[in-house]
Amino acid sequence: MRTIIVTGGSGFIGSNFLQRFVLRQADVHFINVDKLTYAGNPMSLSAIENSENYSFEQVDICDSEAVTAVFQRYDPDCILHFAAESHVDRSIHAPRDFFTTNVGGTLNLLECCRAHWQGDSENFFHHVSTDEVYGSLPEDGYFTEATPYDPSSPYSASKASSDHLVRAYHRTYGLAIKLTNCSNNYGPYQFPEKLIPLMILNAVEGLPLPVYGNGKNVRDWLYVTDHCDAIWRIIQQGRVGETYNVGGDCEKTNIDVVRAICDGVATATDQEPSSLRDLIRFVPDRPGHDFRYAIDASKVQKELGWKPTESFESGLKKTVQWYLSNVDWIAKVRSGEYREWLKSNYEERNEG
Ligand code: NAD
Ligand code: DAU
């Protein structure tokens, strides 16, 4: 493996992945292809932006001419596809962008792979997907790689569509592919619209902590670098054509997560935990809210020896500390000015 195109490398998981592997794998050239939507942040990559084995291309994956040019310029051996619209609540309010990027963008990348690689099976497309494609679990049971798809939100429906497309390209055109379906990630550099960073920042600022419904919905939490390590292992040793479920074996109700955040922030800022727990508000439920996710990750564990290294307690402590210490990053991702800058920067670059 010499050249990997990483789509969405300026987002939450992509930036954690690049920070980790650009420094560790000097023999690999990583090309970050990212449009820089509101969720993509160049600051997340400041530690590696000048590395010799790292390049950045501000490109929309839906733009076939621009993506073709990137393929021609770098001649990649592997595409690691993170880029997506990723937030369920946004997909409920504005579903179209999710289908444009998550389905149309994936299709465009697959077409470029087909045209560029012309059946060379040494190269492959690694598609990063979600456990949400499987729908909702009752109180018991786990998602395995054989669980039928049953997506509930426009986001998960768009990810399910993209998964089907990736498998269809394998069956129809023989394109070499790998897929991962992962549970909820948390950690540094996550945009503060997702549950954990939103609650940390609201707690720090003394703002209400909105818990959807009764707070009993369950998610299976995985520290982001554990997900990145699983992906790297699968890129190196995973079997072509296979799907691997990745999860933390760490089920928590949302209310327990929010209470743990209150306690973590209180300890770190020398406050009474009860004063932060008093900020919790039960608000109307998310439409189509999946009750429970839980991953059976035994395939990746048995075949490739991967397992999570971070416990929820240690991972949450690190995450709280990171959000308390990185006020510049937080101010920038939240500022309208910064979003305007990104927009004009993108338009300028594309006109120029
Ligand atoms: P994110 O929203 O933080 O980042 C998405 C990145 O993709 C951003 O940098 C954004 O600028 C870029 N992007 C969006 N549209 C683009 C386009 N049209 N062209 C080029 N770049 C574009 O997302 P994330 O949480 O890092 O998730 C990454 C991937 O992992 C997604 O495919 C998501 O479905 C999947 N996933 C996420 C989680 C999770 O808990 N966050 C869990 C399982 C799977
Ligand atoms: O399971 C993997 C998925 O996890 C990824 O594919 C998605 O990209 C990622 O966003 C995440 O989806 P969720 O919908 O599970 O994550 P979110 O952080 O939005 O919500 C987690 C849970 O917390 C969910 O049950 C809804 C609830 N919630 C969320 C927010 C933002 C609240 O109760 N209050 C909130 O304000």
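Me: A residue counts as near a molecule or strand if one of its heavy atoms lies within 4 Å of it. By that rule, what makes up the surroundings of ligand 2, and which residues come nearest?

Reply: In this predicted model, 24 residues are around ligand 2, and Thr 130, Asp 131, Tyr 155, Arg 286 and His 289 come nearest. Local features need pLDDT of at least 70, side-chain atom pairs count only at pLDDT 80 or more, and totals for chains, interfaces and linings use all residues; side-chain values use heavy atoms, without hydrogens and water. Residues are numbered from 1 along each chain as its sequence is written, while chains are lettered from A and ligands numbered from 1 in the order in which they are written.

Me: How do you know that Arg 286 makes a polar contact with ligand 2?

Reply: A polar contact is a pair of N or O atoms within 3.5 Å. A side-chain N or O atom of Arg 286 is 2.6 Å from an oxygen atom of ligand 2, so the pair qualifies. Oxygen atoms of ligand 2 also lie 2.7 Å from a polar side-chain atom of Glu 132 and 2.8 Å from one of Asn 184.

Me: What surrounds ligand 1, and which residues are closest?

Reply: Ligand 1 has 28 residues around it, the closest being Ile 13, Asp 34, Ser 86, Tyr 155 and Lys 159. Backbone atoms take part in its polar contacts: a nitrogen atom of ligand 1 is 3.1 Å from a polar backbone atom of Lys 35, and an oxygen atom is 3.0 Å from one of Thr 37. A backbone N or O atom of Ile 61 lies 3.0 Å from a nitrogen atom of ligand 1.

Me: Why are α2 and α4 called oblique to each other?

Reply: Helix α2 (residues 64–74) and helix α4 (residues 96–117) pack at about 40°, with axes 10 Å apart. Angles under 35 degrees are roughly parallel, over 145 roughly antiparallel and 65 to 115 roughly perpendicular, the rest being oblique. The value fits none of the named ranges, and α2 and α4 are therefore oblique.

Me: Which residues of α2 and α4 make the contact?

Reply: Taking heavy atoms within 4.5 Å as contact, α2 supplies Ser 64, Val 67, Thr 68, Phe 71 and Gln 72, and α4 supplies Asn 108, Leu 109, Cys 112, Cys 113 and His 116.

Me: Why are α1 and α7 oblique to each other?

Reply: The axes of α1 (residues 12–24) and α7 (residues 224–237) come within 9 Å and cross at roughly 60°. This angle lies outside the parallel, antiparallel and perpendicular ranges, so α1 and α7 are oblique.

Me: Why are α6 and α11 oblique to each other?

Reply: Helix α6 (residues 195–205) and helix α11 (residues 312–325) cross at roughly 55°, with axes that come within 10 Å. That angle also falls in none of the named ranges, and α6 and α11 are therefore oblique. Their contact is made by Ile 196, Pro 197, Ile 200, Leu 201 and Val 204 of α6 and Phe 312, Leu 316, Thr 319, Val 320, Tyr 323 and Leu 324 of α11.

Note on methods:
Axes are lines fitted to C-alpha atoms, for helices over the stretch in contact, and angles run from 0 to 180 degrees between N-to-C directions. Helices (H or I, at least four residues) and strands (E, at least two) are DSSP runs, numbered from the N terminus. A polar contact is a pair of N or O atoms within 3.5 Å; within protein, one must be able to donate a hydrogen and the other to accept it, and residues adjacent in sequence count only if both atoms are side-chain atoms.
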